[in-house]
Amino acid sequence: MKEKILKKDQVKQLHEDLSRYYSFYAPTKVKGNIVFKKITNPEDIELEYLNSKIPPKEILFPRMETLFSYKIDEKNIEIEPRTDLEEKILIFGVRPCDAYSFSLLETFFNFGQFKDDLFMKKKENTVVIGLACNTPRATCFCTSLDYNGHPHRKDDVDIFLTDLGENYLVNPISETGKAIIDKLAWLSEANNDDLQKAEELSKKAESLISTKLDLQHTAEILDPSFNHPLWKEVSENCLGCGTCTFLCPTCTCFDVVEDVDHYNNRGKRVRIWDTCQFCLYTLETSGHNPRNTKIERCRNRVLHKFNYYPKNYDLIGCVGCGRCIHLCPVNNDLREIIKKINAIKNENKKEEVVVA
Amino acid sequence: MLSPYIPMLTTIKSIVSENGVNDIKTYELVFKNKEDEEKFDYIPGQFAEISLIGKGECPIGIASSPTEKGSIKFTIKKMGTVTSAIHNCEVGDIIGVRGPLGNGWPIEELKGKNIIVIGGGFAFSTLRSLVYYMLHEDNRANFKDITVIYGNRNCSEILYQDDLMKWERMEDIDVALTIDCAEEGWDGRVGFVAPIVEAVSPSPENAVAIVCGPPIMIKTTEDVLDKLNFQPEQILESLEMRMKCGIGKCGRCNIGEKFVCIDGPVFSQAELRKMHGDR
Amino acid sequence: MVKQMGDIQAENVEIEKKMREVARSLLIEKEVDVIIGYARGTVPLSSSPIFIKNVEDIDSLIWDNLCYVNLARYVVPPLTEFVDNEKVELKVGIVSKGCVARALIHLAKEKQVDPEKIKIIGIPCNGVVNRRRIEKELGEKEVLEISVSNDQVIVKGKDFEEVLPYQDYLNELCKTCKVKSPPMSSSLSDVIVGESIEISSVEDDFSDLSEYESKTPEEKWEVITELLSDCTRCYACREACPMCYCNLCFVDQNKPIWFGKTSEMSDIIVFHLVRAMHMAGRCVGCGACSSVCPMGIDLKLINRKLEKIVKERFDFTAGLSLDVMPPMMTQKMEDSEDFMLGEH
């Protein structure tokens, strides 16, 4: 199917047409932060942005989500499952790294005997319209990752947009995406110049990614490095807050709490974001805590993404968005941690030489 | 697809206090819906997320055996928010159950073997399930000699005293009970579990040792089993960790890349030695 | 006491040089075993706390307007254990601007740090740049370089350069700060870089609060709700606060559960306001909580209001002297009680 052109002033039209069928989520500016919100007024859509502060995973895996509700009536209890999971969702303007995070999260939530029905149902009902990243940050490193990460990667979306300046080039990717484009008959045809321009922008964006990390052997280097002194070193200035994990597009850990409305004898069991960086995360009722200091907690975060993910799902649990790097309060830079890990390899090599 | 986060509802049929200080009780639960009972198809060593709606949820090992039809049992110690609230429950109250969860004892691998069950204190519930299961007339022929070594601090803390008395009288099971210090009226063994295992001296020949108890007991018992020439593959343990979902999603119960809730809680000592992780 | 604006950057370079000299000699003379200071961040608008044990690493120490973390945080247990391989406690030197020293003084009063084991390397501070505000205002243009010159903050990116007035872009709490250098205190073993100040009491008209105070309770509630609405409950504010050293924060307790952990607005507000209650007479106004917040929430309104209440009721400012008993640690018959019931 052929590529189309969406003029920037037609975004309104697009919103109007699609919000009839979908809950339309898009980046918008709230108190200076770009976040994805349900859009009712298309004027609020902000597409000139680097990347959102809170990743769009928040739409499918919100900060707080009801697992089920219940009614307590004397000694009787009635459980009410979620009924709102059929909502048709459209997420507009997602950067390629975050779009890939949806695929990654799907792999995780769908893994094993027990599927996370809440995430999976919502994902099933979600259409993703991606937006090429022409302005990667200095902290971005998607091209270093195993998923062929690229600021113009199109694989994880239904429709892919490229900002050509005045217009967006519209690439239908999935069957769903094609069907949607079919319905938007008012879109104009793209010409060869448009395609060429998109191609140039893609190359330029790639060249703008200055962080190159060697992640080829990181997982295997980490295997024997569980007790390496590195972990003490890289956790030294960590404050133990949840910034790196709460704003990570691939972090999925949650806590489960009760939200009870005692006056009306009702309640909800909800899950809320949790993080392995909190001491309480693993504290057992007995008082024993397997990850009692920040050394173990920092180590767990890195190992989870760069060793456990490869072992369990054969992929790295990181998309290279760089949020944890530029938002860490103490600038505990993941890139530096990776470099230090990779340096262990050389350490090992040197030892081998000595032994030989 | 029914949400794996939604508990099935049960009613408390009976409550048995298991110890002198009354902080360990066994709850017998009956499913409100017959279909739920059929769905709850478990093997010994598995656990369930027990919830008191409005208070929260916690993982508890299943103490009953699948051969005990009609109800399931959980032995619960009063520890945190949820277990304390459950301890305030009465017969007839509603308890939510999600499960069965975890891998359980590897029944198929245990068949044809001599089984040595070694327990300490409160950690006997899934061992009770296993012993009860093996002794059932349909299953007994599948297993060779069964030995139970069970230690407690004092005799008022011994769980499942009725079952143990019954087992002690049976011909096809050896039971060695021990308490840490001698007490008036106690004519059983005295001493920690590890030296009692050494005294009983089970043969590693075609045997599997199943060990559950407090960390220090596990450690000392492992040393004894090693001395008795048990290989790490012949020693099984069941782990505990803080859990929320029990289905491998909430993240916290990992030891390295393994989740205790779905890859465990039962691991062989050989597996545990290979696992790098915090525990 | 408004200091004449000199060339801030030149001043900082000078301080940095002297600070390194002091730090070097402290390490060489073995007066301290480790120096906690700031290192250059790997991303613009940041700095990174660093722990220096070897003299050859001294040149990693920096001093500029982005040294926003309150380093006193690191000497409060259980965050970092300063011990050698034999578990012998190490003597620590801390690069201390006014608010870091004030935090240490207050923590010493609360018996959380032993002044004998800490050496203050006093720094006269000329304020911390409000990086979250710069980020927010230029957010969709990536800042790659930042410098301060005369009274301007110059930020540069790929194809832009912006010049911002320094005074406007200071942290809100730095704007009202009256204690820029460590207060002299006989019992703390100080080495001061630059001039020291003697201060026993601060004069403050709290005029920055008058707009808020003129509001009705409903309007105030709206202001607070609006202020906190972006909170993700990552607790960076708490973790960065030198006064938040509780082993188990009230919000994390589950026997009993005091407050909900959800991200409902009511639970978020309760967390921040109850935390604020625990800060009364203890907050030293370092603004670390605001600098570290990933969402750019500025808690200065709450912090300033607390400071004012305590100043008015008890004539006390936290962390000025080891000789004055903080009001929350003592009780006098004449203590006023109206702060409990008054309208704020």
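**Helix crossings, strand pairing and domain contacts**

Tutor: In this predicted model, helix α6 (residues 193-200) and helix α7 (residues 215-227), both of chain B, have axes that come within 8 Å and cross at roughly 25 degrees.

Student: What orientation of α6(B) relative to α7(B) follows from that angle, and why?

Tutor: Angles under 35 degrees count as roughly parallel. The crossing angle here is roughly 25 degrees, and therefore α6(B) is called roughly parallel to α7(B).

Student: Is the crossing of α6(B) and α7(B) left-handed or right-handed, and which residues make the contact?

Tutor: The crossing in which α6(B) passes α7(B) is right-handed. From α6(B), the contact draws on B:Val193, B:Ala194, B:Val197 and B:Glu198; α7(B) contributes B:Met217, B:Thr220, B:Thr221, B:Asp223 and B:Val224. By class, this contact comprises five nonpolar, two polar and two charged residues.

Student: What makes B:Glu198 and B:Asp223 count as charged, and B:Thr220 and B:Thr221 as polar?

Tutor: Asp and Glu are listed among the charged types, whereas Thr is in neither the nonpolar nor the charged list and therefore counts as polar. Those four residues all belong to the contact of α6(B) with α7(B).

Student: In chain A, how do α3 and α4 pack, in angle and distance?

Tutor: Helix α3 (residues 96-109) and helix α4 (residues 117-124) of chain A pack at an angle of about 140 degrees, and their axes are 9 Å apart. An angle must be over 145 degrees to count as roughly antiparallel, and the roughly perpendicular range is 65 to 115. The value of about 140 degrees falls in neither class, so α3(A) is oblique to α4(A).

Student: What is the handedness of that crossing, and what is the make-up of the contact by class?

Tutor: α3(A) and α4(A) cross in the left-handed sense. A:Phe102, A:Leu105, A:Glu106 and A:Phe109 of α3(A) meet A:Phe119, A:Met120 and A:Lys123 of α4(A). The class count is five nonpolar, no polar and two charged residues.

Student: How do you know that β2 and β6 of chain A count as a pair?

Tutor: Two strands pair if at least two bridges are found between them. Strand β2 (residues 23-30) and strand β6 (residues 89-94) of chain A share three bridges, so the criterion is met; the sense is parallel. A:Tyr25 stands opposite A:Ile91 of β6(A).

Student: How many bridges join β2(A) to β3(A), and in which sense do they run?

Tutor: β2(A) and β3(A) run antiparallel and are joined by six bridges, with A:Phe36 of β3(A) as the bridge partner of A:Pro27. These strands form a hairpin with two residues between them, and A:Lys31 in the turn has a positive phi of about 45 degrees.

Student: Through what kind of bonds do strands of a sheet pair?

Tutor: Strands in a sheet are paired through backbone hydrogen bonds, in either the parallel or the antiparallel sense.

Student: In the six-stranded open sheet of chain B, what makes β4 and β5 edge strands?

Tutor: The strand order is β4-β3-β6-β1-β2-β5, with antiparallel pairing. β4 (56-61) and β5 (72-77) of chain B each pair on one side only, which identifies them as the edge strands. From one strand to the next, the twist averages 40 degrees. Within this order, β3 (residues 47-52) and β6 (residues 94-101) of chain B pair over four bridges in the antiparallel sense, and B:Glu49 stands opposite B:Arg98 of β6(B).

Student: Where do the domains of chain A lie, and which element gives the largest share of the side of domain 1 that touches domain 2?

Tutor: The domain assignment gives domain 1 (4-208) and domain 2 (218-355). Their centres, taken over C-alpha atoms, are separated by 26 Å. The contact takes 36 residues from domain 1 of chain A and 26 residues from domain 2 of chain A. On the domain 1 side, β4(A) gives the largest share, 10 residues. That side divides into 19 nonpolar, eight polar and nine charged residues.

Student: What are the corresponding values for the domains of chain B?

Tutor: Chain B is divided into domain 1 (8-99) and domain 2 (107-238), and 24 Å separate their centres. Here 17 residues of domain 1 are in contact with 14 residues of domain 2. The domain 1 side has six nonpolar, eight polar and three charged residues.

Student: How many residues of chain A and of chain C are in contact?

Tutor: There are 37 residues of chain A in contact with 34 residues of chain C. Elements giving two or more residues to the chain A side include β3 (33-38), β11 (254-261) and β12 (266-273).

Notes: Residues numbered from 1 in each chain as written. Chains lettered and ligands numbered in written order. Predicted model: local features only at pLDDT ≥ 70, side-chain atom pairs only at ≥ 80, totals over all residues. Contact = placed C-beta atoms within 7 Å. Axes fitted to C-alpha atoms, helices over the stretch in contact; angles between N-to-C directions. Left-handed = near helix turned anticlockwise from the far one by under 90°. Domains from an automatic or database assignment.
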